[in-house]
Amino acid sequence: MTEVKTGISKTMFVIGLIIAILASSLISIVVSMQWAKGPGGDKGDTGATGPKGDKGDKGEPGNETVFAQWSLTWYTITGAYQWGASVGTSTWGAVFDHDFGSNVLFGGYSDYIGFQATMTVNMQRDGPVHFVTGSDDGSRLYVDGELWIDNWGSHSYSEKGVTRDLSKGFHTLTLWYYDISSVARVSFNCDLDILMWNP
C-alpha cells in the first residue's frame, strides 16, 4: 500500500516564512514612521503688516515737443505791387497748401492781399535740406535773410524747389506771398525732421 504525502514541502514553507517576516518588518517600519511624524499642528496667525514706506518724489516732467509754425502778418498790396497797410495777423501749421480759389484770403480781402510770414526751424544735423513753395500769384522764400526761392510775379499756380546745405541748429525762414486778382493759392513743404524737436 502506497503512503500518500500531505502538506507542503520544506522549500515552500521556508519561502512563506521569509515573506511573512518581510511583511511584518515593513508594517512595523510604516507604523513607526507615522508615530514619529506626529499629528500636524494648527496653522499660526498671520503676522502684523510692516509699516508702509514713504512715496518717492515725483520725477521731473519731460520736455514737451516743439512744433514749428508760421506767424503771418497780412498786408494790402498796392497797384504798384508794393506792400500796403497791415491788416492783421494769423498763424499756420508748418506744412500747408491753401487753395483759396476766388474766396476771401484774410480780413474780407480776396484780391490785392498778401503776407510776410516767419518760422523758426531746428536742423538736427549738418547737411542738405529741401524746400518747396507754390503760389498763385507771387512768392519768395528767404532762409536766414538769404533769398532761396524766387517765384515772384503775377502768374497761375506754380511750384519751385531748392535743396541746399544748412548747418545744425536753429534757422529762420521768411515767406512772402501776394495775390492780385482771380484765384489764389499758396503752399509750402520741406524735410519734416526740421519741424519738430525737444528743447
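This note walks through some features of the predicted model above, point by point.

1. **Confidence first.** Before looking at details, it helps to know how far to trust the coordinates. The mean pLDDT of the protein chain is 85, and 69% of its residues reach 70 or more. Residues 1-6 are a place for caution: there the pLDDT is below 50, and the stretch makes 0 contacts in the model beyond near neighbours in sequence. Where pLDDT is low, the predicted coordinates should not be read in detail.

2. **Salt bridges around Arg-125.** The whole structure holds 5 salt bridges. One of them joins Arg-125 to Asp-191, with the closest N and O atoms 3.7 Å apart. Arg-125 sits in the loop between S5 and strand S6 (127-136), while Asp-191 belongs to the loop between strand S11 (184-190) and strand S12 (196-197), so the pair ties together parts that are 66 residues apart in sequence. Arg-125 also forms a salt bridge with Asp-193, and here the closest N and O atoms are 2.9 Å apart. That pair again links distant parts of the chain, with Asp-193 in the loop between S11 and S12, Arg-125 in the loop between S5 and S6, and the two positions 68 residues apart. Taken together, Arg-125, Asp-191 and Asp-193 are linked in a network of salt bridges.

3. **How open is this network?** Are its members buried or exposed? The answer lies in between. Arg-125 is partly exposed, at a relative accessible area of 26%. Asp-191 is partly exposed too, with 24% relative accessibility. Asp-193 has a relative accessible area of 34%, so this residue also counts as partly exposed.

4. **A bridge between two strands.** Asp-150 and Arg-140 form another salt bridge, their closest N and O atoms being 3.2 Å apart. Asp-150 is in strand S8 (residues 146-151) and Arg-140 in strand S7 (residues 138-143), 10 residues apart. Asp-150 is partly exposed, with 35% relative accessibility.

5. **Asn-122, a neighbour worth a look.** Asn-122 is part of strand S5 (residues 113-123). Its relative accessibility is 10%, so Asn-122 counts as buried. Leaving out residues up to four places away in sequence, Asn-122 touches Gly-169, Phe-170, Asp-193, Ile-194 and Trp-197. Asp-193 in that list is the residue already met as a salt-bridge partner of Arg-125.

6. **Aromatic rings.** The model has 19 aromatic pairs. In one of them, the rings of Trp-74 and Phe-115 have their centres 5.1 Å apart and their planes at 70 degrees; planes over 60 degrees apart count as edge-to-face, so this pair is edge-to-face. Trp-74 lies in strand S2 (residues 69-77) and Phe-115 in strand S5, which puts the two 41 residues apart. Both of these residues, Trp-74 and Phe-115, are buried.

7. **A ring cluster.** Which residues do the ring pairs link into a cluster? They are Trp-70, Trp-74, Trp-92, Phe-96, Phe-100, Phe-106, Phe-115, Phe-131, Trp-148, Tyr-177 and Phe-188. The edge-to-face pair of the previous point, Trp-74 and Phe-115, is thus found within this list.

8. **A charge over a ring.** Arg-185 lies over the face of Tyr-157, at 3.9 Å from the ring centre.

9. **Gly-84 and its surroundings.** Gly-84 is in strand S3 (residues 83-93). Its relative accessible area is 30%, so Gly-84 is partly exposed. Not counting residues up to four places away in sequence, Gly-84 touches Tyr-75, Thr-76, Ile-77 and Thr-78. The C-alpha atoms of Gly-84 and Gly-114 are separated by 9.3 Å, although these residues are 30 residues apart along the chain.

10. **Backbone spots to check.** Three places deserve a glance at the backbone. The peptide bond from Asp-136 to Asp-137 is cis, with omega near 20 degrees, and Asp-137 is in the loop between S6 and S7. Tyr-112 has a positive phi, near 50 degrees, in a residue other than glycine; Tyr-112 lies in the loop between strand S4 (96-101) and S5 and is partly exposed at 38%. Ser-182 likewise has a positive phi, near 65 degrees. Ser-182 belongs to the loop between strand S10 (169-179) and S11, and with a relative accessible area of 52% Ser-182 is exposed.

How values were computed: Residues are numbered from 1 along each chain as its sequence is written. This is a predicted model: local features need pLDDT of at least 70, side-chain atom pairs count only at pLDDT 80 or more; totals for chains, interfaces and linings use all residues. Side-chain values use heavy atoms; hydrogens and water are left out. Helices (H or I, at least four residues) and strands (E, at least two) are DSSP runs, numbered from the N terminus. Buried means under 20% relative accessible area, exposed over 50%, partly exposed in between (1.4 Å probe, protein chains only). Contact means heavy atoms within 4.5 Å. A salt bridge is a side-chain nitrogen of Lys or Arg within 4 Å of a carboxyl oxygen of Asp or Glu. Rings of Phe, Tyr and Trp (its six-membered ring) pair if their centres lie within 6.5 Å; planes under 30 degrees apart count as stacked, over 60 as edge-to-face and the rest as tilted. A charge sits over a ring if NZ of Lys or CZ of Arg is within 6 Å of the ring centre and within 35 degrees of the ring normal. pLDDT is the predictor's confidence in each residue, from 0 to 100.
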